[in-house]
Amino acid sequence: MGWTYCVIWFLCLSASECLLLPNEPEISGEIQSPQYPLPYLPNQLRMWTFGSPEGYQMQLSITHLDIKASPGCNQDSLMVLYKEKVLGKFCGQENSTDHPGTETIFSPGNEVTLIFRASDSSPQLQQHIGFSATYKAIVIDCGEPEPLLNGGVTFLSDFQNRYGSVVQYHCNEPFYSLPGGANVSFTCEADRKWRSNHSDVIPTCLPVCGKPTKLISTYERIMGGSDAPDDTIPWQVMLSIDGGRGGGMVIGDRWIMTTATNVMHDGNPVSNETVRVYMGHTNLNALMNSPVYAASIHPHPEYNNPNHVDYNHDIALIKIQDPITFNSSVMPICLPAEGATYFTGTMGLVSGFGITETDKRRILTNKMKYVQVPVVEQLACSDSITELKKKRDYVPVLTNNMFCAGVPEGGKDSCQGDSGGPYALRDDGRFWAAGIVSWGFDCGQRGTYGVYTRVTNYIDWINKTMQEN
């Protein structure tokens with residue numbers, strides 16, 4: 001048996017430079033207890049070890065088993081091991097502890113060891129004949145690689161699921177990408193697991209944010225401005241809450257960001273059942289065909305505005321019931337990076353399904369509109385509100401959680417029905433959610449600006465809310 005073992009490992013060495021496993025010589029044979037099929041003698045301890053090249057596993061089939069009963073396997077027994085791990089333990093048909101009867105055992109690796117023990121407790125000869133077994137090497141099979149959500153897997157070798165096979169995971173671009181952006185290869189290894197760099201954890205496809213497949217070439221006014229082309233603002237959603245219209249934006253596969261104003265009624269959050277979320281189309285008729293339903297609603301805990309005079313902390317998140325699969329029509333907008341800044345004069349993109357002006361009449365639009373308006377210096381924003389207070393009662397207070405956008409001459413602004421929609425800035429080719437349409441007076445009038453929730457002040461709250469819910 002020792003000679004056979006050496007030959008087996010010689011085959012392993014000679015084959016180590018190639019992986020043409022089906023062409024390897026067959027490794028198989030038969031092993032029996034001493035004197036089989038005659039009764040075995042007492043006082044024996046025999047061991048056999050069979051090996052095969054890397055990439056194989058050993059299959060042992062016990063075809064006949066007749067061992068004297070041994071309580072607790074303390075006397076006569078047959079053990080099957082892989083290294084120090086017990087794969088099977090037999091000590092007589094009457095008291096078999098792990099594997100009653102005959103059976104086939106697969107070793108986890110490329111070797112298997114049998115230990116046969118006969119006690120000397122009975123001086124007289126007994127009639128049990130021991131065991132007969134066959135062994136053979138079979139190619140390791142890792143099974144089908146795990147599927148990748150929002151991605152796929154490609155075989156880079158012809159071995160399919162066998163030892164040495166290589167597969168590559170990739171994400172459904174341009175809507176998803178792997179961390180780091182590179183594809184990841186996995187190899188079928190000897191322990192029958194797919195691994196990459198010593199890890200068997202498959203990667204995760206992350207949504208790509210803020211990179212629409214089409215860009216708007218020119219910008220017009222929401223108030224009487226141009227319709228948004230398809231796929232240019234894929235994060236825009238329209239909300240229907242208790243029959244009222246509002247805006248929002250996709251920030252994750254199950255998360256919509258909007259204003260707390262949209263989801264509060266008489267100081268309390270509206271019920272989930274009253275909320276409908278629409279996305280994926282710029283035309284209202286097409287949009288209304290596919291409502292998405294809310295699973296939970298999360299207004300900012302410090303928002304308190306029952307009389308519509310205090311819009312501080314005007315931000316809320318809506319978790320939807322089913323995850324979104326992103327495509328060119330529906331894609332998340334990026335959240336602000338840490339330390340993101342709002343430079344005066346930077347042009348931002350505002351969009352929505354709110355009120356527009358046609359022939360000097362204000363009507364709710366049936367098409368998504370867009371406008372490009374600049375960030376207003378905070379002092380100028382404050383001064384405009386001070387002027388409003390001279391003309392109106394109950395003008396809300398401007399806080400550091402808000403900013404203004406617009407032009408002093410008017411004509412470009414968001415309006416009713418746009419509330420909760422995005423004010424998007426673009427850096428390094430990505431749009432990010434700088435603001436949320438919150439409040440204002442006299443849409444698009446001279447000397448007034450739209451006021452937006454400053455999203456950068458709420459990143460910790462946003463992340464905490466999504467992680468905990």
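Is Trp 439 buried or exposed in this structure? With 9% relative accessibility, Trp 439 counts as buried (buried means under 20% relative accessible area, exposed over 50% and partly exposed in between, using a 1.4 Å probe and protein chains only).

## Before we dig in

This is a predicted model, where local features need pLDDT of at least 70 and side-chain atom pairs count only at pLDDT 80 or more, while totals for chains, interfaces and linings use all residues. Residues are numbered from 1 along each chain as its sequence is written, and side-chain values use heavy atoms, with hydrogens and water left out.

## Rings that pair up

Let's start with the aromatic rings. The structure holds 14 aromatic pairs. Rings of Phe, Tyr and Trp (its six-membered ring) pair if their centres lie within 6.5 Å; planes under 30 degrees apart count as stacked, over 60 as edge-to-face and the rest as tilted. One of the pairs is Tyr 311 with Trp 439, which is stacked, at 5.9 Å centre to centre and 20° between the planes. Tyr 311 sits in the loop between β21 (292-299) and β22 (316-320), and Trp 439 is in strand β29 (residues 430-439), so this pair ties together parts that are 128 residues apart in sequence. Strands here (E, at least two residues) and helices (H or I, at least four) are DSSP runs, numbered from the N terminus. Tyr 311 counts as buried too, at 11% relative accessibility.

Next come Tyr 342 and Phe 403, a tilted pair with 4.9 Å centre to centre and 50° between the planes. Tyr 342 belongs to the loop between β22 and β23 (347-352), whereas Phe 403 is in strand β27 (residues 402-405), so the pair links parts that are 61 residues apart in sequence. Both Tyr 342 and Phe 403 are buried. They also join Tyr 423, Trp 432 and Tyr 452 in one aromatic cluster. On top of that, the charged end of Arg 454 sits over the ring of Tyr 342, 4.9 Å from its centre (the rule asks for NZ of Lys or CZ of Arg within 6 Å of the ring centre and within 35 degrees of the ring normal).

## Two open sheets

Now for the strands, which pair if DSSP finds at least two bridges between them. One open sheet has four strands in the order β1-β8-β3-β6, with antiparallel pairing. β1 (28-32) and β6 (104-106) stand at the edges with a single partner strand each, so one side of each is left without a neighbour in the sheet. Five bridges pair β1 with strand β8 (residues 130-139) in the antiparallel sense, and the bridge partner of Gln 32 in β8 is Ser 132.

Another open sheet runs β9-β10-β12-β13, again four strands with antiparallel pairing. Its edge strands are β9 (151-155) and β13 (194-195), each pairing on one side only. Strand β12 (residues 184-188) and β13 run antiparallel and are joined by two bridges, with Cys 188 opposite Trp 194 in β13.

## A hairpin and a buried glycine

Strand β4 (residues 77-82) and strand β5 (residues 85-90) run antiparallel and share five bridges. Met 79 stands opposite Lys 89 in β5. Two residues lie between the strands of this hairpin, and Lys 83 takes a positive phi near 55°.

Finally, look at Gly 348 in strand β23. Gly 348 counts as buried, at 2% relative accessibility. Its C-alpha atom is separated by 5.5 Å from that of Val 373, 25 residues away along the chain. Leaving aside neighbours within four places in sequence, Gly 348 is in contact (heavy atoms within 4.5 Å) with Val 371, Gln 372, Val 373, Tyr 423, Ala 424 and Leu 425.
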